[in-house]
Amino acid sequence: MNALRPEMPQPSFAASPSRAPVAVWPWPIALGLLTTFGLLSALLGQHGIWLALSWAALSIPLIVTVVCLIRAWRGPSSKGGLS
């Protein structure tokens, strides 16, 4: 330890150097837009194709969430991450 440069502890949650933090945002944004579309199509279109579109648009984020939770509960992957 140097008096002029004290050692700074490294955070344990640091992102991997190969993946920028910005690279994480496209999937949550896409799932949010899909959910918004599903809610609006369920609200505005009560019959026909709108009903099917709302079911599909609201089911996909739910399925993705369940799959990610199952992968996280199984333990760390071979890549060293949680999922």
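Okay, let's start with one residue: serine 41 has a relative accessibility of 3%, so it counts as buried, the cut-off for that being under 20%. One thing to keep in mind throughout is that this is a predicted model.

So where does serine 41 sit? It's in helix H1, which covers residues 26-44. And what does serine 41 touch, once you leave out residues up to four places away in sequence? You get Trp50, Leu53 and Ser54.

Let's follow that last one. Serine 54 belongs to helix H2, and at 4% relative accessibility serine 54 counts as buried too, because the limit is under 20%. Leaving out residues up to four places away again, serine 54 touches Gly38, Ser41 and Ala42. So if you click on either serine, you'll find the other in its contact list.

Now step back to the whole chain. How many helices and strands does it have? Two helices and zero strands. Of the 83 residues, 7% count as buried. The chain exposes about 7400 Å², and carbon and sulfur atoms supply 72% of that. Keep those figures in mind when we get to the surface.

Next, helix H2, which runs over residues 49-74. With 26 residues at 1.5 Å a residue, H2 should span 38 Å, and its end C-alpha atoms are in fact 38 Å apart, so the two agree. Which residues of H2 are buried? Ser54, Ala57 and Pro61. And what do they pack against? The buried residues of H2 pack against H1, and the serine 54 contacts we just went through give you a look at that, with Gly38, Ser41 and Ala42 on the list. Just after H2 comes glycine 75, which takes a positive phi of about 115°.

Here's another pair to look at across the chain. Isoleucine 60 has its place in helix H2. Is isoleucine 60 buried or partly exposed? It's partly exposed, because its relative accessible area is 40% and the partly exposed class lies between 20% and 50%. Isoleucine 60 and leucine 34 are 26 residues apart along the chain, and their C-alpha atoms are separated by 8.2 Å.

Okay, the surface. There's a nonpolar patch of about 530 Å², made by Leu62, Val66, Leu69, Ile70 and Trp73. Take valine 66 as an example: it's found in helix H2, and with a relative accessible area of 40% it's partly exposed.

Last topic, the annotation. UniProt, in an unreviewed entry, lists residues 20-43 and 49-70 for "transmembrane region". What do those two spans look like in the model? For residues 20-43, the end C-alpha atoms lie 37 Å apart, and the span is 75% helix and 0% strand. For residues 49-70, the end C-alpha atoms lie 32 Å apart, and that span is 100% helix and 0% strand.

To wrap up, we have two helices and zero strands, the buried residues of H2 packing against H1, and a nonpolar patch that includes Val66 and Trp73. Okay, that's my bit, over to you.

Key
Residues numbered from 1 in each chain as written. Predicted model: local features only at pLDDT ≥ 70, side-chain atom pairs only at ≥ 80, totals over all residues. Heavy atoms only, no water. Helix = DSSP H or I, 4+ residues; strand = E, 2+ residues; numbered from the N terminus. Buried < 20%, exposed > 50% of the residue type's maximum accessible area, 1.4 Å probe, protein only. Areas by Shrake-Rupley, 256 points an atom, 1.4 Å probe, with all protein chains shown as cover. Contact = heavy atoms within 4.5 Å. UniProt positions renumbered as here; feature names shortened; annotations may be inferred. Patch = residues over 30% accessible without salt bridge, like charges linked within 9 Å, V, L, I, M, F, W, Y side chains within 5 Å. Salt bridge = Lys/Arg side-chain N within 4 Å of Asp/Glu carboxyl O. Expected span 1.5 Å × (residues − 1).
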